[in-house]
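Hi everyone, thanks for coming along. I'd like to walk you through a protein model today, one stop at a time. Have a look at it first, and then we'll start.

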Amino acid sequence: MGAGHSHGHTGHSEPTAEAMAARRKANRILAAVLVPLTLLTLAAMAALWPSGSKEGLTLANPYAAAPGVTFDTGRIQRVVTESCTQAPAGENTATNSTAQGNTDGGSQCTFAFTEPDKGGNPVKVVINPDIAKSHGVKVGDNIRYLNLSNAQAAVTGADAPAAQGSPSYIFVDFVRTMPIILLAILYAVVVVAVARWRGLRALIGLVGAYFVLGSFMLPGLVEGKPPLLLALVGSTVIMIGVLYFAHGFSARTSTALLGTIFGLGITALLAAWATDAANLAGVGSHDAATLVNISDNISISGIILCGLIISGLGVLNDVTITQSSAVWELYELAPNTSARKLFSSAMRIGRDHIASTVYTIAFAYAGAALPILIIVMLYNRPLGEALTSAELSEEVIRTLVGSIGLVLAIPVTTLIAVLVVKATGVRGAGLPEQQPRGRTAITADDVDDTGALAAAAAVAGRENADADADSPPPTRRGRRAAQRE
């Protein structure tokens with residue numbers, strides 16, 4: 001490419017040979033750090049990989065049915081409220097669903113006449129009192145219920161009715177398959193429609209992340225592997241796969257990965273200290289008590305530690321990739337910006353991001369723990385005592401640990417990105433020596449804020465538009481290469 005041709009087309013989306021060489025140089029610099037780190041992580045993953053054996057685990061499956069008992073599904077046809085003393089099957093004693101409290105003085109129960117999905121006459125399913133009071137059931141709901149009719153018939157005789165007061169069909173849960181499938185399809189369509197191929201790659205990467213979680217981290221915790229090492233290795237593998245698969249192999253992505261790994265390290269160290277110092281043991285949790293009783297290898301504190309690290313992955317990834325991209329975009333607006341000015345401008349963006357993501361983490365955890373928050377509020381306990389109680393301390397520490405790692409990852413990612421982008425020496429339309437006659441160079445060192453920097457670049461872009469009006473458009477291959485970067 002001749003010198004005159006290069007000058008006439010500087011600023012197009014098609015990257016120059018100099019820019020491509022500089023990007024390759026940046027990738028080589030980052031690879032010298034990331035390749036050994038990746039190999040070490042994969043080696044640790046192989047050493048920690050669980051056997052998958054569940055020998056010695058004793059866990060009663062709540063969905064395991066006794067002989068003659070089945071779990072059936074069906075659609076509700078009618079909802080009634082009547083005496084909890086069940087009448088013989090086939091006797092029509094239904095009353096209106098609003099008829100609470102008959103004159104007989106007996107307790108009232110909610111029953112749902114349900115048409116089984118496998119066919120047959122509607123059956124009378126008793127609804128749990130907590131479901132009836134909190135959410136209720138309505139006509140058209142799909143439910144799963146326990147069918148005791150065959151077992152009762154085997155005990156009392158094939159022709160004998162069920163024992164008085166013993167229902168034959170008991171509500172278990174709602175069937176939520178269709179709403180969840182519809183939401184998942186809508187989510188995938190929206191992501192792909194807006195983010196296109198990158199969005200599709202992100203969704204596929206999410207599947208891979210859950211594979212690592214389900215096949216490596218969870219079985220490892222069950223087998224008693226070191227939780228801190230397990231969380232660090234698994235999280236690093238997830239971030240390496242997700243970032244490169246979704247965003248491609250580039251200096252931007254590698255910079256974001258380094259910042260993410262730094263944030264993960266800080267989060268892991270703080271989580272390990274906080275779990276021990278605050279004595280997080282899952283006291284009072286039904287799930288924790290269940291896990292403790294099924295195996296001596298399972299450590300509830302270790303599970304909590306691992307959860308503290310995993311919970312911040314998504315937001316940490318978000319801020320690092322955004323901050324890395326911000327540095328690159330600012331530099332492309334004004335390539336002659338000094339490293340100090342570029343860092344200051346990018347950190348203005350980072351500080352806004354910090355403020356918004358801290359709120360995101362706090363409210364996400366508050367929403368997940370809303371029932372606990374309401375219970376604690378009703379106790380009328382002092383605020384300090386409530387926040388440090390067994391019910392809330394885990395959520396508070398999760399918020400604080402994740403936020404500290406997030407906040408520290410932003411300046412580190414920004415610094416790495418500035419060093420990489422300046423070390424490559426990419427020079428574009430902003431350099432005075434590359435400006436064709438009549439074009440305006442951007443002197444970013446004299447710009448005091450990011451908005452002014454963008455405005456200056458916009459002015460230069462308008463002045464460049466006339467000179468580029470007669471230039472041929474970039475090739476499709478060039479546009480694709482620029483988009484990948």
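Let's begin at Glu55, which sits in the loop between helix H2 (17–48) and strand E1 (70–83). Please keep in mind that what we have here is a predicted model. Is Glu55 buried or exposed? Its relative accessibility is 74%, and anything over 50% counts as exposed, so Glu55 is exposed. Now look across to Ser295: Glu55 and Ser295 are 240 residues apart along the chain, yet their C-alpha atoms are separated by 9.9 Å.

That pair leads us to the whole protein. How many helices and strands does the protein have? There are 16 helices and five strands. The protein has 485 residues, and buried ones make up 37% of them. If we take contacts between residues at least 6 apart in sequence, 76% of those contacts join residues at least 24 apart.

Next, the inside. In soluble globular proteins, nonpolar side chains tend to be buried together. In this model, the largest nonpolar core has 61 residues. Which of its members touch the most other members? They are Leu34, Phe216, Ile238, Leu257, Ile309, Val327 and Leu342. Helix H6, residues 227–247, gives the most to this core, with 10 residues. There is also a second, separate core of 13 residues, and Val79, Ala112, Tyr169 and Phe171 are included in it.

Let's zoom in on Val327 from the big core. Setting aside residues up to four places away in sequence, Val327 touches Leu342, Ala346, Thr414, Ala417, Val418 and Val421.

Now for Gln323, which is found in helix H10, residues 313–333. How exposed or buried is Gln323? Its relative accessible area is 0%, and the limit for buried is under 20%, so Gln323 is buried. Again not counting residues up to four places away in sequence, Gln323 touches Ala346, Met347, Ile349, Gly350, Ile410, Thr413 and Thr414. You may recognise two of those names, Ala346 and Thr414, from the contacts of Val327.

Thr267 is another residue to find on your screen, and it lies in helix H7, residues 251–277. With 5% relative accessibility, Thr267 counts as buried too. Beyond its neighbours within four places in sequence, Thr267 is in contact with Leu308, Ile309, Val401 and Gly405.

On to how helices pack, starting with H6 and its partners. Helix H5 covers residues 177–222, and the axes of H5 and H6 come within 8 Å and cross at roughly 165°. Angles over 145 degrees count as roughly antiparallel, so H5 is roughly antiparallel to H6. H5 passes H6 in a right-handed crossing. The contact includes Phe216 of H5 and Ile238 of H6, and both of these were on our list of core members that touch the most others. By class, this contact of H5 with H6 has 16 nonpolar, five polar and two charged residues.

While we're on H5, please find Arg196, which has its place in that helix. Most residues other than glycine have a negative phi. Phi of Arg196, though, is near 55°, a positive value in a residue other than glycine. Arg196 is exposed, with a relative accessible area of 62%.

The other partner of H6 to look at is helix H9, residues 300–310. H6 and H9 pack at an angle of about 25°, with their axes 9 Å apart. Why do we call that roughly parallel? Angles under 35 degrees count as roughly parallel, so H6 and H9 fit that description. H6 passes H9 in a right-handed crossing. From H6, Pro227, Leu228, Ala231 and Ser235 meet Gly302, Leu305, Cys306, Ile309 and Ile310 in H9. Those residues divide into seven nonpolar, two polar and no charged.

Our last stop is helix H11, residues 339–368, with helix H12, residues 370–378. Their axes come within 4 Å and cross at roughly 75°. That angle falls in the range from 65 to 115 degrees, so H11 and H12 are roughly perpendicular to each other. Ala366, Gly367 and Ala368 in H11 meet Leu370, Pro371 and Leu373 in H12. The contact has five nonpolar residues, one polar and no charged.

That's the tour, and I'm happy to go back to any stop you like.

Conventions: Residues numbered from 1 in each chain as written. Predicted model: local features only at pLDDT ≥ 70, side-chain atom pairs only at ≥ 80, totals over all residues. Heavy atoms only, no water. Core = buried A, V, L, I, M, F, W, Y, C linked by side-chain atoms within 4.5 Å. Buried < 20%, exposed > 50% of the residue type's maximum accessible area, 1.4 Å probe, protein only. Helix = DSSP H or I, 4+ residues; strand = E, 2+ residues; numbered from the N terminus. Contact = heavy atoms within 4.5 Å. Axes fitted to C-alpha atoms, helices over the stretch in contact; angles between N-to-C directions. Left-handed = near helix turned anticlockwise from the far one by under 90°. Nonpolar A, V, L, I, M, F, W, Y, C, P; charged D, E, K, R; others polar.
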